[in-house]
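Subject: Structure for you to look at

Hello,

Here is the structure you will be working with. Please open it before reading on, and keep the sequence beside it.

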Amino acid sequence: MKYIKTMTIGFLIGGTTIGILYWALSLGSWKFGALYGLIGGCLFGIGFPIIQFIGEKWASKKLAQMDYSGKLIMGGGANHWIGKESVGGMMCLTDTALIYKSHQINIQNHEMTINLSDIKESRSRHTINGLLVIMKNGAEEKFVVNNKKKWAKAINKALEERETKE
């Protein structure tokens, strides 16, 4: 189902963008723009799910290589905002911590472990895939993840379970 959604979004965004671009370049020939928009939409609609599938396979291999302790709740690709740079990498949530590790092609490579005891709450941001983790000391960490609501719910659930254990 998620690939159909990605296909549709890719078709609409890619087709519209390419259609408008070719319409503008052809000095107003809407037929030319519509034809290339349809072709471009099909290519984007097929290409986006393929790229997403490959990315998910790559992410699961990288996640298996991460060093973490505790029970793994969820994990996947994530970007961590540091200043104006969105640093790509992997993130996993365990029953004790939220762990992020950047991949090697970033300017600001880093690893970060946030103990659940330091987290106040997590919620989705008002961006497409934005996740906000709010610390008890008031600091905020911003991430970009797939399924931001699922991540926020999982983090908050892990926090609740941790509190009931104490």
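The notes below cover a pocket, a pair of strands and the salt bridges.

Please keep in mind that this is a predicted model.

The pocket

The pocket described here is the second largest one, with a volume of about 250 Å³. Its lining is made up of K71, I73, M74, D95, K150, K153, A154, K157, A158, E161, R162 and K165. Two elements, β1 (72-82) and α3 (148-165), each contribute at least two of the residues that line this pocket. Helix α3 has the largest share, with eight residues. Sorted by class, the lining of the second largest pocket contains eight charged residues, four nonpolar ones and no polar ones.

The hairpin

Next, find strand β5 (residues 119-124) and strand β6 (residues 130-135). These two strands pair in the antiparallel sense, over five bridges. They form a hairpin, and five residues lie between β5 and β6. To see how the strands line up, look at E121, which stands opposite I134 in β6.

The salt bridges

How many salt bridges does the structure hold? There are two.

One of them joins E111 and K101, whose closest N and O atoms are 4.0 Å apart. E111 belongs to strand β4 (residues 111-115) and K101 to strand β3 (residues 97-102), so this pair ties together parts that are ten residues apart in sequence. The two partners can also be described by how accessible they are. E111 counts as exposed because its relative accessibility is 60%, and the cut-off for that class is over 50%. K101 has a relative accessibility of 36%, so K101 counts as partly exposed.

The other salt bridge is formed by the side chains of R123 and E121, with 3.4 Å from N to O. E121 is the residue already mentioned as standing opposite I134. R123, at 39% relative accessibility, counts as partly exposed. E121 is also classed as partly exposed, at 27% relative accessibility. Neither residue is called buried, because that word is kept for values under 20%.

When you go through the model yourself, a workable order is the pocket, then the hairpin, then the salt bridges. Which residue stands opposite I134 in β6? If you arrive at E121, you have found the right place. From E121 you can then go to R123, its partner in the salt bridge.

Regards

Conventions. Residues are numbered from 1 along each chain as its sequence is written. This is a predicted model: local features need pLDDT of at least 70, side-chain atom pairs count only at pLDDT 80 or more; totals for chains, interfaces and linings use all residues. Side-chain values use heavy atoms; hydrogens and water are left out. On a 1 Å grid over the protein atoms alone, a cavity is a set of points where a 1.4 Å probe fits but cannot get out, and a pocket is an open set with protein on both sides within 12 Å along at least five of seven lines; lining residues have an atom within 4 Å of a point. Grid points are joined across faces, edges and corners, and a volume is the space filled by probe spheres set on the points. Helices (H or I, at least four residues) and strands (E, at least two) are DSSP runs, numbered from the N terminus. Ala, Val, Leu, Ile, Met, Phe, Trp, Tyr, Cys and Pro count as nonpolar, Asp, Glu, Lys and Arg as charged, and the others, Gly among them, as polar. Two strands pair if DSSP finds at least two bridges between them. Buried means under 20% relative accessible area, exposed over 50%, partly exposed in between (1.4 Å probe, protein chains only).
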